[in-house]
Number of protein chains: 2
Amino acid sequence: MGLKGAETRVRMLDATQTLIEAGGYHAAGLNQVIAASGAPRGSLYFHFPGGKDQLVGASVRRAGGMIGEALEGLADSSASVAEFADAVLRHLGDRLEESGWRKGCPVATVALEIAATSDPLQEVCSEVYASWEDALRARLAGRPDADDLAVVILALVEGALLLARTHRSREPLDRVARRIGVLLG
Amino acid sequence: MGLKGAETRVRMLDATQTLIEAGGYHAAGLNQVIAASGAPRGSLYFHFPGGKDQLVGASVRRAGGMIGEALEGLADSSASVAEFADAVLRHLGDRLEESGWRKGCPVATVALEIAATSDPLQEVCSEVYASWEDALRARLAGRPDADDLAVVILALVEGALLLARTHRSREPLDRVARRIGVLLG
DNA sequence: AAAAATATGTAGACCGATCTATTAAGGATG
DNA sequence: CATCCTTAATAGATCGGTCTACATATTTTT
(Lines give C-alpha, C1' and ligand atoms only; values in the text may rest on other atoms or scores of the structure.)
Protein backbone atom coordinates (compact mmCIF):
# COMPACT_ATOMS: atom_id res chain seq x y z
CA MET A 1 0.00 0.00 0.00
CA GLY A 2 1.47 3.28 -1.14
CA LEU A 3 1.58 6.46 0.87
CA LYS A 4 -1.38 8.13 -0.76
CA GLY A 5 -3.54 5.07 -0.48
CA ALA A 6 -2.82 4.78 3.20
CA GLU A 7 -3.68 8.41 3.74
CA THR A 8 -7.10 8.25 2.15
CA ARG A 9 -7.77 5.04 3.99
CA VAL A 10 -7.09 6.78 7.27
CA ARG A 11 -9.18 9.77 6.29
CA MET A 12 -12.07 7.43 5.56
CA LEU A 13 -11.69 5.69 8.89
CA ASP A 14 -11.54 9.02 10.71
CA ALA A 15 -14.69 10.26 9.02
CA THR A 16 -16.50 7.02 9.71
CA GLN A 17 -15.40 7.07 13.33
CA THR A 18 -16.74 10.58 13.88
CA LEU A 19 -20.05 9.84 12.20
CA ILE A 20 -20.49 6.54 14.03
CA GLU A 21 -19.77 8.05 17.38
CA ALA A 22 -22.33 10.80 16.82
CA GLY A 23 -25.13 8.59 15.57
CA GLY A 24 -24.21 4.98 14.99
CA TYR A 25 -24.15 2.69 11.99
CA HIS A 26 -26.93 4.27 9.99
CA ALA A 27 -25.68 7.79 10.63
CA ALA A 28 -22.44 6.87 8.87
CA GLY A 29 -23.80 7.16 5.35
CA LEU A 30 -21.26 6.36 2.71
CA ASN A 31 -22.07 9.65 1.01
CA GLN A 32 -21.11 11.51 4.15
CA VAL A 33 -17.98 9.42 4.63
CA ILE A 34 -16.99 10.25 1.08
CA ALA A 35 -17.77 13.93 1.48
CA ALA A 36 -15.92 14.19 4.79
CA SER A 37 -12.87 12.27 3.60
CA GLY A 38 -12.70 13.97 0.23
CA ALA A 39 -12.30 10.69 -1.58
CA PRO A 40 -14.57 9.48 -4.33
CA ARG A 41 -16.92 6.58 -4.09
CA GLY A 42 -14.83 4.04 -5.92
CA SER A 43 -11.84 4.53 -3.63
CA LEU A 44 -13.94 3.42 -0.72
CA TYR A 45 -14.65 0.11 -2.36
CA PHE A 46 -11.03 -0.25 -3.33
CA HIS A 47 -9.85 0.06 0.26
CA PHE A 48 -12.85 -1.70 1.75
CA PRO A 49 -14.07 -4.21 -0.83
CA GLY A 50 -16.32 -5.68 1.82
CA GLY A 51 -18.42 -2.53 1.66
CA LYS A 52 -19.93 -0.65 4.53
CA ASP A 53 -19.76 -3.44 7.08
CA GLN A 54 -16.02 -3.82 6.58
CA LEU A 55 -15.55 -0.06 6.85
CA VAL A 56 -17.59 0.16 10.02
CA GLY A 57 -15.94 -2.92 11.48
CA ALA A 58 -12.46 -1.53 10.89
CA SER A 59 -13.55 1.81 12.26
CA VAL A 60 -15.00 0.37 15.46
CA ARG A 61 -11.93 -1.77 15.98
CA ARG A 62 -9.64 1.21 15.50
CA ALA A 63 -11.67 3.42 17.83
CA GLY A 64 -11.68 0.62 20.38
CA GLY A 65 -7.91 0.39 20.19
CA MET A 66 -7.54 4.12 20.65
CA ILE A 67 -9.72 4.20 23.72
CA GLY A 68 -7.89 1.16 25.03
CA GLU A 69 -4.56 2.96 24.71
CA ALA A 70 -5.94 6.03 26.45
CA LEU A 71 -7.11 3.71 29.21
CA GLU A 72 -3.66 2.23 29.61
CA GLY A 73 -2.17 5.69 29.73
CA LEU A 74 -4.49 6.81 32.48
CA ALA A 75 -3.87 3.61 34.37
CA ASP A 76 -0.11 4.10 34.31
CA SER A 77 -0.38 7.59 35.71
CA SER A 78 -2.73 6.63 38.52
CA ALA A 79 -1.66 5.50 41.95
CA SER A 80 -4.73 3.49 42.91
CA VAL A 81 -7.64 1.85 41.16
CA ALA A 82 -10.04 4.40 42.62
CA GLU A 83 -7.89 7.23 41.30
CA PHE A 84 -7.78 5.53 37.92
CA ALA A 85 -11.56 5.16 37.76
CA ASP A 86 -11.94 8.79 38.66
CA ALA A 87 -9.52 9.84 35.93
CA VAL A 88 -11.36 7.74 33.35
CA LEU A 89 -14.71 9.24 34.21
CA ARG A 90 -13.34 12.76 34.15
CA HIS A 91 -11.58 12.13 30.85
CA LEU A 92 -14.73 10.73 29.24
CA GLY A 93 -16.81 13.55 30.64
CA ASP A 94 -14.48 16.17 29.18
CA ARG A 95 -14.48 14.43 25.84
CA LEU A 96 -18.26 14.20 25.83
CA GLU A 97 -18.94 17.76 26.86
CA GLU A 98 -16.27 19.30 24.61
CA SER A 99 -17.74 17.52 21.60
CA GLY A 100 -21.19 18.95 22.23
CA TRP A 101 -22.46 15.64 23.62
CA ARG A 102 -21.45 13.86 20.44
CA LYS A 103 -18.51 11.72 21.43
CA GLY A 104 -19.60 9.10 23.93
CA CYS A 105 -18.73 5.46 23.37
CA PRO A 106 -17.79 4.63 19.77
CA VAL A 107 -18.94 1.04 20.20
CA ALA A 108 -22.22 1.17 22.11
CA THR A 109 -24.46 2.63 19.43
CA VAL A 110 -23.31 0.24 16.73
CA ALA A 111 -23.46 -2.68 19.13
CA LEU A 112 -27.08 -1.99 20.00
CA GLU A 113 -28.08 -1.28 16.41
CA ILE A 114 -26.66 -4.38 14.79
CA ALA A 115 -26.74 -6.85 17.69
CA ALA A 116 -29.74 -8.57 16.17
CA THR A 117 -28.77 -8.44 12.50
CA SER A 118 -25.08 -8.49 11.70
CA ASP A 119 -23.07 -11.31 13.23
CA PRO A 120 -19.63 -10.14 12.05
CA LEU A 121 -20.09 -6.62 13.39
CA GLN A 122 -21.54 -7.92 16.62
CA GLU A 123 -18.40 -9.97 17.06
CA VAL A 124 -16.19 -6.93 16.52
CA CYS A 125 -18.07 -4.99 19.19
CA SER A 126 -17.90 -7.94 21.54
CA GLU A 127 -14.15 -8.22 21.05
CA VAL A 128 -13.56 -4.54 21.71
CA TYR A 129 -15.50 -4.71 24.96
CA ALA A 130 -13.62 -7.87 25.91
CA SER A 131 -10.33 -6.10 25.34
CA TRP A 132 -11.37 -3.27 27.65
CA GLU A 133 -12.45 -5.78 30.25
CA ASP A 134 -9.05 -7.40 29.99
CA ALA A 135 -7.32 -4.06 30.48
CA LEU A 136 -9.40 -3.38 33.57
CA ARG A 137 -8.87 -6.86 34.94
CA ALA A 138 -5.11 -6.44 34.60
CA ARG A 139 -5.34 -3.32 36.74
CA LEU A 140 -7.30 -5.21 39.38
CA ALA A 141 -4.86 -8.08 39.55
CA GLY A 142 -4.57 -9.56 42.98
CA ARG A 143 -8.14 -8.96 44.02
CA PRO A 144 -10.20 -12.10 44.39
CA ASP A 145 -13.19 -10.43 42.73
CA ALA A 146 -11.26 -8.97 39.81
CA ASP A 147 -13.33 -10.77 37.17
CA ASP A 148 -16.59 -9.40 38.51
CA LEU A 149 -15.23 -5.96 39.21
CA ALA A 150 -13.85 -5.41 35.74
CA VAL A 151 -17.25 -6.05 34.19
CA VAL A 152 -19.05 -4.00 36.82
CA ILE A 153 -16.77 -1.01 36.30
CA LEU A 154 -17.15 -1.19 32.53
CA ALA A 155 -20.93 -1.46 32.83
CA LEU A 156 -20.96 1.48 35.20
CA VAL A 157 -18.93 3.63 32.85
CA GLU A 158 -20.92 2.67 29.77
CA GLY A 159 -24.20 3.24 31.55
CA ALA A 160 -23.08 6.60 32.89
CA LEU A 161 -21.95 7.64 29.42
CA LEU A 162 -25.33 6.66 27.99
CA LEU A 163 -27.21 8.64 30.62
CA ALA A 164 -24.91 11.64 30.33
CA ARG A 165 -25.30 11.75 26.58
CA THR A 166 -29.07 11.38 26.81
CA HIS A 167 -29.48 14.04 29.48
CA ARG A 168 -26.78 16.19 27.92
CA SER A 169 -25.19 16.64 31.28
CA ARG A 170 -22.15 15.18 33.00
CA GLU A 171 -24.07 14.81 36.20
CA PRO A 172 -24.43 11.00 35.82
CA LEU A 173 -20.68 10.70 35.32
CA ASP A 174 -20.04 12.82 38.39
CA ARG A 175 -22.45 10.82 40.53
CA VAL A 176 -20.84 7.57 39.47
CA ALA A 177 -17.39 8.98 40.16
CA ARG A 178 -18.54 9.95 43.65
CA ARG A 179 -19.83 6.46 44.43
CA ILE A 180 -17.45 4.15 42.62
CA GLY A 181 -15.07 4.15 45.53
CA VAL A 182 -17.56 2.15 47.56
CA LEU A 183 -17.38 -0.66 45.04
CA LEU A 184 -13.61 -0.80 45.16
CA GLY A 185 -13.57 -1.13 48.90
CA MET B 1 -61.36 7.77 18.47
CA GLY B 2 -63.40 4.69 17.65
CA LEU B 3 -62.56 1.17 18.69
CA LYS B 4 -61.03 0.04 15.44
CA GLY B 5 -58.88 3.13 15.19
CA ALA B 6 -57.51 2.59 18.67
CA GLU B 7 -56.70 -1.01 17.85
CA THR B 8 -54.63 -0.28 14.78
CA ARG B 9 -52.91 2.51 16.63
CA VAL B 10 -51.86 0.05 19.30
CA ARG B 11 -50.77 -2.50 16.71
CA MET B 12 -48.57 0.13 15.13
CA LEU B 13 -47.05 1.08 18.46
CA ASP B 14 -46.42 -2.57 19.28
CA ALA B 15 -44.72 -3.18 15.95
CA THR B 16 -42.62 -0.06 16.30
CA GLN B 17 -41.66 -0.99 19.84
CA THR B 18 -40.44 -4.42 18.81
CA LEU B 19 -38.46 -3.09 15.87
CA ILE B 20 -36.95 -0.27 17.88
CA GLU B 21 -35.89 -2.54 20.67
CA ALA B 22 -34.20 -4.91 18.25
CA GLY B 23 -32.34 -2.29 16.27
CA GLY B 24 -33.20 1.28 17.09
CA TYR B 25 -34.64 4.19 15.17
CA HIS B 26 -33.43 3.28 11.72
CA ALA B 27 -34.38 -0.36 12.09
CA ALA B 28 -38.00 0.69 12.54
CA GLY B 29 -38.66 1.33 8.88
CA LEU B 30 -42.18 2.51 8.19
CA ASN B 31 -42.57 -0.26 5.64
CA GLN B 32 -41.83 -2.83 8.30
CA VAL B 33 -44.11 -1.15 10.80
CA ILE B 34 -46.87 -1.25 8.22
CA ALA B 35 -46.19 -4.86 7.33
CA ALA B 36 -46.02 -5.98 10.95
CA SER B 37 -49.13 -4.10 12.02
CA GLY B 38 -51.13 -5.03 8.96
CA ALA B 39 -52.27 -1.47 8.49
CA PRO B 40 -51.77 0.53 5.31
CA ARG B 41 -49.55 3.52 4.93
CA GLY B 42 -52.31 6.07 5.06
CA SER B 43 -53.49 4.90 8.45
CA LEU B 44 -50.07 5.52 9.88
CA TYR B 45 -50.13 9.15 8.90
CA PHE B 46 -53.68 9.46 10.10
CA HIS B 47 -52.81 8.29 13.60
CA PHE B 48 -49.36 9.90 13.61
CA PRO B 49 -49.53 12.99 11.41
CA GLY B 50 -46.14 14.02 12.77
CA GLY B 51 -44.61 11.14 10.85
CA LYS B 52 -41.91 8.79 11.99
CA ASP B 53 -40.59 10.93 14.81
CA GLN B 54 -44.01 11.14 16.43
CA LEU B 55 -44.47 7.39 16.05
CA VAL B 56 -41.09 6.63 17.55
CA GLY B 57 -41.57 9.17 20.31
CA ALA B 58 -44.91 7.71 21.32
CA SER B 59 -43.46 4.24 21.14
CA VAL B 60 -40.47 5.03 23.33
CA ARG B 61 -42.67 6.79 25.85
CA ARG B 62 -45.04 3.85 25.98
CA ALA B 63 -42.26 1.31 26.32
CA GLY B 64 -40.75 3.43 29.06
CA GLY B 65 -44.02 3.45 30.91
CA MET B 66 -44.35 -0.30 30.64
CA ILE B 67 -40.89 -0.93 32.02
CA GLY B 68 -41.57 1.61 34.73
CA GLU B 69 -44.68 -0.27 35.78
CA ALA B 70 -42.80 -3.57 35.82
CA LEU B 71 -40.22 -1.86 37.99
CA GLU B 72 -42.86 -0.73 40.47
CA GLY B 73 -44.30 -4.21 40.56
CA LEU B 74 -40.95 -5.79 41.34
CA ALA B 75 -40.30 -3.14 43.95
CA ASP B 76 -43.56 -3.82 45.74
CA SER B 77 -42.83 -7.53 45.96
CA SER B 78 -39.30 -7.10 47.25
CA ALA B 79 -38.35 -6.85 50.89
CA SER B 80 -35.13 -4.90 50.54
CA VAL B 81 -33.45 -2.73 47.96
CA ALA B 82 -30.82 -5.38 47.36
CA GLU B 83 -33.50 -7.96 46.74
CA PHE B 84 -35.24 -5.55 44.40
CA ALA B 85 -32.08 -4.91 42.39
CA ASP B 86 -31.52 -8.63 42.10
CA ALA B 87 -35.08 -9.18 40.87
CA VAL B 88 -34.73 -6.44 38.26
CA LEU B 89 -31.52 -7.86 36.89
CA ARG B 90 -32.93 -11.36 36.74
CA HIS B 91 -36.11 -10.12 35.10
CA LEU B 92 -34.20 -8.18 32.45
CA GLY B 93 -31.88 -11.11 31.88
CA ASP B 94 -34.81 -13.46 31.29
CA ARG B 95 -36.42 -10.99 28.95
CA LEU B 96 -33.20 -10.52 27.03
CA GLU B 97 -32.33 -14.18 26.70
CA GLU B 98 -35.85 -15.34 25.89
CA SER B 99 -36.05 -12.83 23.06
CA GLY B 100 -32.91 -14.15 21.43
CA TRP B 101 -30.87 -11.17 22.70
CA ARG B 102 -33.24 -8.78 20.98
CA LYS B 103 -35.09 -7.10 23.83
CA GLY B 104 -32.69 -5.07 25.89
CA CYS B 105 -33.50 -1.48 26.73
CA PRO B 106 -36.11 0.10 24.45
CA VAL B 107 -34.69 3.56 25.02
CA ALA B 108 -30.93 3.22 24.86
CA THR B 109 -30.51 2.58 21.14
CA VAL B 110 -32.73 5.43 20.07
CA ALA B 111 -31.17 7.72 22.64
CA LEU B 112 -27.68 7.09 21.30
CA GLU B 113 -28.73 7.29 17.67
CA ILE B 114 -30.57 10.59 17.77
CA ALA B 115 -28.86 12.32 20.70
CA ALA B 116 -26.99 14.54 18.28
CA THR B 117 -29.73 15.19 15.75
CA SER B 118 -33.30 15.17 17.01
CA ASP B 119 -34.02 17.43 19.94
CA PRO B 120 -37.65 16.31 20.52
CA LEU B 121 -36.78 12.63 20.59
CA GLN B 122 -33.76 13.26 22.76
CA GLU B 123 -36.08 14.93 25.23
CA VAL B 124 -38.43 11.95 25.25
CA CYS B 125 -35.57 9.59 26.03
CA SER B 126 -34.29 11.91 28.72
CA GLU B 127 -37.73 12.05 30.33
CA VAL B 128 -38.11 8.28 30.35
CA TYR B 129 -34.77 7.83 32.04
CA ALA B 130 -35.66 10.56 34.52
CA SER B 131 -38.89 8.74 35.37
CA TRP B 132 -36.98 5.54 36.08
CA GLU B 133 -34.53 7.46 38.22
CA ASP B 134 -37.48 8.88 40.16
CA ALA B 135 -38.90 5.41 40.71
CA LEU B 136 -35.57 4.17 42.00
CA ARG B 137 -35.08 7.21 44.20
CA ALA B 138 -38.46 6.62 45.79
CA ARG B 139 -37.34 3.12 46.70
CA LEU B 140 -34.19 4.50 48.29
CA ALA B 141 -36.00 7.09 50.34
CA GLY B 142 -34.38 7.75 53.66
CA ARG B 143 -30.83 7.15 52.53
CA PRO B 144 -28.67 10.27 52.47
CA ASP B 145 -27.10 9.21 49.16
CA ALA B 146 -30.38 8.31 47.42
CA ASP B 147 -29.87 10.80 44.59
CA ASP B 148 -26.49 9.39 43.69
CA LEU B 149 -27.48 5.79 44.19
CA ALA B 150 -30.51 5.95 41.92
CA VAL B 151 -28.38 7.15 39.03
CA VAL B 152 -25.62 4.69 39.79
CA ILE B 153 -28.01 1.75 39.86
CA LEU B 154 -29.65 2.80 36.61
CA ALA B 155 -26.25 3.24 34.95
CA LEU B 156 -25.18 -0.15 36.20
CA VAL B 157 -28.27 -1.84 34.84
CA GLU B 158 -28.12 -0.07 31.49
CA GLY B 159 -24.44 -0.83 31.12
CA ALA B 160 -24.92 -4.46 32.03
CA LEU B 161 -27.75 -4.75 29.52
CA LEU B 162 -25.56 -3.25 26.82
CA LEU B 163 -22.72 -5.67 27.56
CA ALA B 164 -25.03 -8.66 27.82
CA ARG B 165 -26.65 -7.87 24.52
CA THR B 166 -23.32 -7.33 22.82
CA HIS B 167 -21.74 -10.51 24.21
CA ARG B 168 -25.00 -12.41 23.82
CA SER B 169 -24.62 -13.72 27.33
CA ARG B 170 -26.22 -12.88 30.64
CA GLU B 171 -22.88 -13.10 32.35
CA PRO B 172 -22.53 -9.32 32.72
CA LEU B 173 -25.95 -9.15 34.36
CA ASP B 174 -25.03 -11.95 36.73
CA ARG B 175 -21.75 -10.35 37.68
CA VAL B 176 -23.46 -7.05 38.39
CA ALA B 177 -26.11 -8.79 40.45
CA ARG B 178 -23.39 -10.44 42.49
CA ARG B 179 -21.65 -7.15 43.24
CA ILE B 180 -24.49 -4.67 43.52
CA GLY B 181 -25.01 -5.49 47.18
CA VAL B 182 -21.70 -3.85 48.01
CA LEU B 183 -22.99 -0.56 46.66
CA LEU B 184 -26.10 -0.70 48.78
CA GLY B 185 -24.15 -1.23 51.94
C1' DA C 1 -87.54 6.29 12.11
C1' DA C 2 -85.46 7.33 7.50
C1' DA C 3 -82.31 10.03 5.09
C1' DA C 4 -78.71 13.20 4.65
C1' DA C 5 -74.36 15.09 6.32
C1' DT C 6 -70.19 14.71 8.72
C1' DA C 7 -66.57 12.64 11.01
C1' DT C 8 -63.39 8.66 11.31
C1' DG C 9 -60.34 5.44 9.36
C1' DT C 10 -58.74 2.48 5.54
C1' DA C 11 -56.35 1.60 1.30
C1' DG C 12 -52.55 1.82 -1.85
C1' DA C 13 -50.50 4.25 -5.72
C1' DC C 14 -47.03 7.50 -6.19
C1' DC C 15 -43.09 11.01 -5.43
C1' DG C 16 -38.46 12.65 -4.79
C1' DA C 17 -34.58 11.75 -2.04
C1' DT C 18 -31.17 8.80 -0.33
C1' DC C 19 -29.03 4.52 0.36
C1' DT C 20 -25.30 0.89 -0.75
C1' DA C 21 -23.02 -1.11 -4.41
C1' DT C 22 -21.08 -1.80 -9.22
C1' DT C 23 -18.71 -0.59 -13.22
C1' DA C 24 -15.46 0.88 -16.70
C1' DA C 25 -12.10 3.90 -17.58
C1' DG C 26 -8.06 6.88 -16.65
C1' DG C 27 -4.09 8.75 -13.87
C1' DA C 28 -0.20 8.15 -10.84
C1' DT C 29 3.75 5.61 -9.27
C1' DG C 30 7.22 2.27 -8.83
C1' DC D 1 4.88 -2.31 -18.34
C1' DA D 2 2.33 -3.24 -14.16
C1' DT D 3 0.41 -2.25 -10.00
C1' DC D 4 -1.89 0.84 -7.09
C1' DC D 5 -5.34 4.07 -6.73
C1' DT D 6 -8.65 7.60 -8.30
C1' DT D 7 -12.72 9.31 -10.74
C1' DA D 8 -17.46 9.72 -11.80
C1' DA D 9 -21.50 7.86 -13.92
C1' DT D 10 -24.93 4.77 -12.90
C1' DA D 11 -27.84 0.92 -11.10
C1' DG D 12 -31.42 -0.79 -8.23
C1' DA D 13 -33.47 -0.88 -3.89
C1' DT D 14 -35.48 1.39 -0.08
C1' DC D 15 -36.45 5.35 2.54
C1' DG D 16 -40.06 8.72 4.64
C1' DG D 17 -43.86 11.35 3.08
C1' DT D 18 -47.99 12.95 0.28
C1' DC D 19 -52.04 12.33 -2.19
C1' DT D 20 -56.73 11.00 -3.62
C1' DA D 21 -60.33 7.76 -3.48
C1' DC D 22 -63.00 4.79 -0.75
C1' DA D 23 -65.37 2.50 3.21
C1' DT D 24 -67.42 2.67 7.65
C1' DA D 25 -69.36 4.74 11.64
C1' DT D 26 -71.64 8.50 14.04
C1' DT D 27 -74.59 12.52 14.21
C1' DT D 28 -77.84 15.68 12.49
C1' DT D 29 -81.81 16.80 10.24
C1' DT D 30 -86.31 16.11 8.71
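The legends below walk through several close-up views of a predicted model with chains A and B.

**View 1. Chain A and chain B meet over about 4100 Å² of buried area.** The size of an interface is often given as the accessible area lost when the parts come together. Here buried area is the accessible area (1.4 Å probe) that two parts lose on being put together, summed over both. Of this area, 63% lies on carbon and sulfur atoms. In chain A, the residues that lose the most area to chain B are L112(A), D148(A) and R179(A), together 16% of what that side buries. Each chain brings 42 residues to the contact, where contact means heavy atoms within 4.5 Å.

**View 2. D148(A) and R175(B) join their side chains in a salt bridge.** The N to O distance is 2.7 Å; a salt bridge is a side-chain nitrogen of Lys or Arg within 4 Å of a carboxyl oxygen of Asp or Glu. Between chain A and chain B, the count is ten salt bridges.

**View 3. Helix 8 (146-167) of chain A is one of the helices that touch chain B.** Helices here are DSSP runs (H or I, at least four residues), numbered from the N terminus. Helix 1 (3-23), helix 6 (108-114), helix 7 (119-139) and helix 9 (171-183) of chain A also supply at least two residues each to this side. Helix 8 gives the most, with 15 residues.

**View 4. T166(B) sits in helix 8 (residues 146-167) of chain B.** Have a look at its surroundings: leaving aside neighbours within four places in sequence, T166(B) is in contact with A111(A), Q122(A), C125(A), S126(A) and Y129(A). T166(B) has 1% relative accessibility and counts as buried, a word that means under 20% relative accessible area (1.4 Å probe, protein chains only).

**View 5. C105(A) and C105(B) are cysteines without a disulfide partner.** A disulfide is a pair of cysteine sulfur atoms within 2.5 Å. The closest cysteine sulfur to that of C105(A) is in C125(A), 8.7 Å away and so too far for a bond. In chain B, the sulfur of C105(B) is likewise 8.7 Å from the closest one, in C125(B), again too far. C105(A) is buried at 9% relative accessibility, and C105(B) is buried with a relative accessible area of 9%.

**Notes for all views.** Residues are numbered from 1 along each chain as its sequence is written, and chains are lettered from A in the order in which they are written. In this predicted model, local features need pLDDT of at least 70 and side-chain atom pairs count only at pLDDT 80 or more, while totals for chains, interfaces and linings use all residues; side-chain values use heavy atoms, leaving out hydrogens and water.

How values were computed: Buried < 20%, exposed > 50% of the residue type's maximum accessible area, 1.4 Å probe, protein only.
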